[in-house]
Structure formats: C-alpha cells, structure tokens
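User: Please take one part of this structure and look at it closely. Set out how it is placed and what surrounds it, in one connected account.

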Amino acid sequence: MAAPASTPELEAERQQLIALIRDEAVFHGDFTLSSGKKATYYVDMRKLTLDHRAAPAIGRIMSDLIADIDGVVAVGGLTLGADPIANAVMHASAGTDRPLDAFVVRKEPKDHGRGRQIEGAEVEGRRVVVVEDTSTTGQSALKAVEALRRAGADVAAVAVIVDRKTGAQAAVEAEGLEWRAAIDLDDLGLQPQ
C-alpha cells in the first residue's frame, strides 16, 4: 500500500486527489495498454496532471514523496507523461528550502540544433528522480533512466503518482533503483490486472 503523505494537510490533499482520480480519471471498458496488455479499466492521469484542480496538489504530493532522497536537484522523465508532473514538482518546490529543477527526456535525440535528448536542467553529474504518471511495465521510466545514465546523471529513484501493481516496480528495482508511489490500486478501490 502507498504510504500516506508526511503531514495531515498533504494527506488531505492526497485523499482529495484520490477522489478526483476515482471520479474523473478511471475509465471502465476494454483497453489496450502501451505494453500491449489488455485491461478492463484505464487510469488516464493526463486528465488530471494537466488540470488546474489537481496539478498543484500533484506537485506538492510528489515533492513530499521524494523529499527524503538525499541530494536530488531535478525531476523529469520521458515526454509526454512526465512533463506536467516535473513542472508541477518544480513549481511546488520553488518556495521551499529544497527547490528542484525539471527536465524532459525526448524519446529520441533531436536531429538538429544541439542534438540533445534531455532538455531543461543540466543532469550530468547530478542526482535526479524520474517521475511518471502511472506505469504498467516500467518501460517508459526505464527508457528515461537509460538516457539519463548515458548523459551522466545519477538516477536515484522512479516516482509515480499511481502504481498499477503490474510489474513496473520489479522492473525498476531490477535496475537498482528505488520505486516510490503516491497512490496505489488499493487507494482507488481497483484490482490489479
């Protein structure tokens, strides 16, 4: 089960986010996930990571989730799912004693300009956390981890808003990384599939 937030105020925000996810981001039907697996429900976190009601809370909750990881200076992940989360964390942390920058990992390096695959915060020699909205197999997060490691980053963990409990944690941990989740299926009243 996902751990509660560190303060009563943040836990209240987490519970409000759980209610929003249940009400507006869980769709029932027949779906094919990015992994190719079939599912009878789909958690569409982009509906909320890009929503003014949820994004500020997501930033604070995800910042809190990784606050005890030493030395982290930036967050980000594979575009597109990670982008609004990284920005929400950056904004939430801006007024704190531990501000975090954000970065975006392109699926492929640019073929023009500086040819960069990672945009935003400089990651070489710096400790970072990969963020993701939700993950089925962990492959999007691990693609970001691979690009970050090639760029010389020290990736400390992968942190997701919703843990689908479908193997992503094991895949991430097999790469020697810590797995963190703010919300899991138990919180949402859903069964793994």
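Analyst: Strand 6 and strand 7 (residues 154–163) run parallel and are joined by 8 bridges. The model is predicted, so local features are given only at pLDDT of at least 70 and side-chain atom pairs only at pLDDT 80 or more, while totals for chains, interfaces and linings use all residues. Residues count from 1 along each chain as its sequence is written, and side-chain values rest on heavy atoms, without hydrogens or water. Helices (H or I, at least four residues) and strands (E, at least two) are DSSP runs numbered from the N terminus.

Strand 6 covers residues 127–135, and 8 of its 9 residues are buried (under 20% relative accessible area; exposed is over 50%, partly exposed lies in between, with a 1.4 Å probe and protein chains only). R127 stands opposite D154 of strand 7. From strand 6 the chain passes through helix 5 (residues 139–150) to strand 7, a β-α-β crossover that is right-handed (clockwise from the first strand over the helix to the second, with the strands pointing away from the viewer). Strand 6 also pairs with strand 3 (residues 72–78), again in the parallel sense, over 4 bridges; pairing requires at least two DSSP bridges between two strands. Within this pairing, G76 has V130 of strand 6 as its bridge partner.

The wider setting is an open sheet of 6 strands with mixed pairing, in the order 5-4-3-6-7-8. Its edges are strand 5 (118–120) and strand 8 (178–184), each of which pairs on one side only. On average, neighbouring strands are turned by 25° against each other, direction ignored. Helix 3 (residues 55–66) packs on this sheet and touches strands 3, 6, 7 and 8, its direction making about 130° with that of strand 7. Helix 5 packs on the sheet as well, touching strands 3, 4, 5, 6 and 7, and its direction makes about 160° with that of strand 6. Such angles run from 0 to 180 degrees between N-to-C directions, with axes fitted to C-alpha atoms and, for helices, over the stretch in contact.

The salt bridges come next. Side chains of opposite charge can pair when their charged atoms come close. The whole structure holds 14 salt bridges (a side-chain nitrogen of Lys or Arg within 4 Å of a carboxyl oxygen of Asp or Glu). One of them joins D154 and R127, with the closest N and O atoms 3.1 Å apart. This pair links distant parts of the chain, D154 in strand 7 and R127 in strand 6, 27 residues apart. D154 is partly exposed because its relative accessibility is 38%. R127, at 28% relative accessibility, is also partly exposed.

Helix 5 takes part in another such link. The side chains of E175 and R149 meet in a salt bridge at 3.4 Å, N to O. Here E175 lies in the loop between helix 6 (168–174) and strand 8, whereas R149 lies in helix 5, 26 residues apart. E175 counts as partly exposed since its relative accessibility is 42%, and R149 is partly exposed with a relative accessible area of 36%.

R180 and E178 form a salt bridge too, with the closest N and O atoms 2.6 Å apart. R180 counts as buried because its relative accessibility is 13%, whereas E178, at 35%, is partly exposed. Elsewhere, E11, R14 and D187 are joined into one network by salt bridges that share partners.

The nonpolar packing can be described through its cores (sets of buried Ala, Val, Leu, Ile, Met, Phe, Trp, Tyr and Cys residues joined through side-chain atoms within 4.5 Å). The largest has 40 residues, and I21, M62, V129, I161 and I183 touch the most other members. Leaving out residues up to four places away in sequence, I161 touches L17, M45, T49, I58, M62, I85, E132, D133, A181, A182 and I183, where contact means heavy atoms within 4.5 Å. Another core lies apart from it, with 25 residues, among them V128, A144, A171 and A181.

One residue from strand 4 (residues 101–105) completes the account: V104. V104 is partly exposed because its relative accessibility is 27%. Beyond its neighbours within four places in sequence, V104 is in contact with G77, T79, D83, Q117, I118 and E119. Between V104 and Q117 there are 8.2 Å, C-alpha to C-alpha, at a sequence separation of 13 residues.
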